[in-house]
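Trainee: I should like to learn how to read the features of a protein model. May we go through one together, step by step?

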Amino acid sequence: MTTTDRRVFLFLQGPLSPLFRLIGAELTGHGHSVHRINLSLGDWLHWHGTGTHNYRGTVEAWPAHVAAAMERLGITDLVLHGDRRIYHRLAAEEARARGIRVIATELGYLRPDWMTIERDATSTGSHFPEDPDHIRRIAASVPQFASERLYKGSFWKVAAPDVIYNLSNSFLWFLYPHFQRHTIYHPIVEYGAWIGRLMTESRRMRAIAGETEALVASGRPFYVFPMQLEGDFQIRDHSPFSGMADALDTVLSSFREHAPKDVLLIVKGHPLENGLERWPRVVPSLAEKHGLAGRVRFLDGGRLDALYAHAEGVVTVNSSAGMEAIQAGLRTKTLTPAIYDIEGLTFSGPLDAFWTADFRPDAALLADFLRALAGTVQVRGTIYSDDGLAAAVTGMAERILTNRLNAPDAFVDPPPRLARARAIGAPL
């Protein structure tokens, strides 16, 4: 298909940003037809007017509704952000059954200046290859990877759209009475927790910086386990764990039995943690349960790079922090098949063997992996700055218009990580 072939796009929920509306305008400007289904008032606020439709029914009735819309409108392409959200997952199933392309977007695998755009699915469902030789071939055919940061993000670009979206959905819920949000906490509860966190942030950051300095000065070797958010789909759908406490329990059990006795494990809180999980209490309690009270420390935030400069290695479920660890040259173990879980980049043996393994990521393969990833399923840009948004719109629209998703040669079917994920119990 070329840019001259008329296509009919159906957009579902995008990120909390004008991104999808602006991409839709680009596609319309090239002569294609664009539709959008709004599932909530927050969706409507981001994009309404010509070509938009409202769905106020139940999740149970959604598959039939979206299937009928696809057939009535003659949809050729379905575009969605976060392919494991319940509405998106069900719509994608209906689209695939009808031979309709699924275009999935996410925040970038390469943070912070990139966006992800893939054919069919992302993360564990991604069709990006995992074979090192295949990755090397792609790298030889795409431009060099540019690592310098271009865009400065704004706190208000993150916070304001989130607050407006969630509060409008909460207070005017009756306009879309059956809408099911994909987050696990009610927004009012989460914002209340965030206010408390922000009020103590300066004091917490000073304390964490002091703890990190003391840790480094002690000279004791340590590993890092970066926490992920409890509502992260990488935990909920792409892993076998019921939550982060379950994952941490697995890591602590292995650490107790197989890590050298003089080594520490640093559990680092996620920078966007809202405090509702009470990790400063839960982590020490789990450590005590495993007899590791003196060997496990929790840092409620802080800078990863300050830890990575001195760490022995990193264990993660499936976090972008793992990608950062590999780029820092650290031995890294993922507990699920992450996009960067490539033989030669991550430790491929069992977790029990990781603590004493003699392994470091292959620097040449890493360079090829970053180059191949950036050249096929990543686009420069961000939703958190005006110039970054403009770049993302241009780059993502161009990939869609020229049908260069996962091109060149970065589409492997079936998704190469999916069988491994299912084998360990991920509910995919």
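**Helices, sheets and cores**

Mentor: Let us start with a helix packed on a sheet. This model is predicted, and in it helix H11 lies across strands E8 and E9, running at about 170° to E9.

Trainee: In what order do the strands of the sheet with E9 and E8 stand, and how do they pair?

Mentor: A sheet is read from one edge strand to the other. Here five strands form an open sheet in the order E9-E8-E7-E10-E11, and the pairing is parallel. E9 and E11 (331-334) are the edge strands; each has a single partner, so one side of each is left without a neighbour in the sheet. From one strand to the next, the twist averages 20°. As an example of pairing, E7 and E10 (residues 313-316) run parallel and are joined by two bridges, with Tyr 223 opposite Gly 313 in E10. Another helix, H13 (residues 320-327), lies across E7, E10 and E11.

Trainee: Which residues meet where helix H10 packs against H11?

Mentor: For two helices, one considers the angle, the handedness and the residues. The axes of H10 (residues 244-258) and H11 (residues 279-289) come within 10 Å and cross at roughly 35°; the crossing is right-handed. From H10, Met 244, Ala 245, Leu 248, Asp 249 and Leu 252 meet Trp 279, Val 283, Leu 286, Ala 287 and Lys 289 of H11. Of the residues in this contact, eight are nonpolar, none is polar and two are charged.

Trainee: Which residues touch the most other members of the largest nonpolar core?

Mentor: In soluble globular proteins, nonpolar side chains tend to be buried together. The largest nonpolar core in this model has 31 residues, and Phe 225, Leu 265, Val 267 and Trp 355 touch the most other members. H10 gives the most to this core, with six residues. Leu 265 touches residues including Phe 225, Val 251, Leu 252, Phe 255 and Trp 355. A second, separate core of 26 residues includes Ala 69, Met 70, Ala 95 and Val 102.

Trainee: How many strands form the sheet that contains E1 and E12, and what is its pairing?

Mentor: The same reading applies. Seven strands form this open sheet, in the order E3-E2-E1-E4-E5-E6-E12, and the pairing is mixed. Its edges are E3 (52-54) and E12 (378-380), each with a single partner strand, so one side of each is left without a neighbour in the sheet. Within this sheet, E1 (residues 8-11) and E2 (residues 33-38) pair in the parallel sense over four bridges, and Phe 9 stands opposite Val 34 in E2.

Notes: Residues are numbered from 1 along each chain as its sequence is written. This is a predicted model: local features need pLDDT of at least 70, side-chain atom pairs count only at pLDDT 80 or more; totals for chains, interfaces and linings use all residues. Side-chain values use heavy atoms; hydrogens and water are left out. Axes are lines fitted to C-alpha atoms, for helices over the stretch in contact, and angles run from 0 to 180 degrees between N-to-C directions. A crossing is left-handed if the near helix is turned anticlockwise from the far one by less than a right angle, and right-handed if clockwise. Contact means heavy atoms within 4.5 Å. Ala, Val, Leu, Ile, Met, Phe, Trp, Tyr, Cys and Pro count as nonpolar, Asp, Glu, Lys and Arg as charged, and the others, Gly among them, as polar. A nonpolar core is a set of buried Ala, Val, Leu, Ile, Met, Phe, Trp, Tyr and Cys residues joined through side-chain atoms within 4.5 Å. Buried means under 20% relative accessible area, exposed over 50%, partly exposed in between (1.4 Å probe, protein chains only). Two strands pair if DSSP finds at least two bridges between them. Lists of a residue's contacts leave out its neighbours within four places in sequence.
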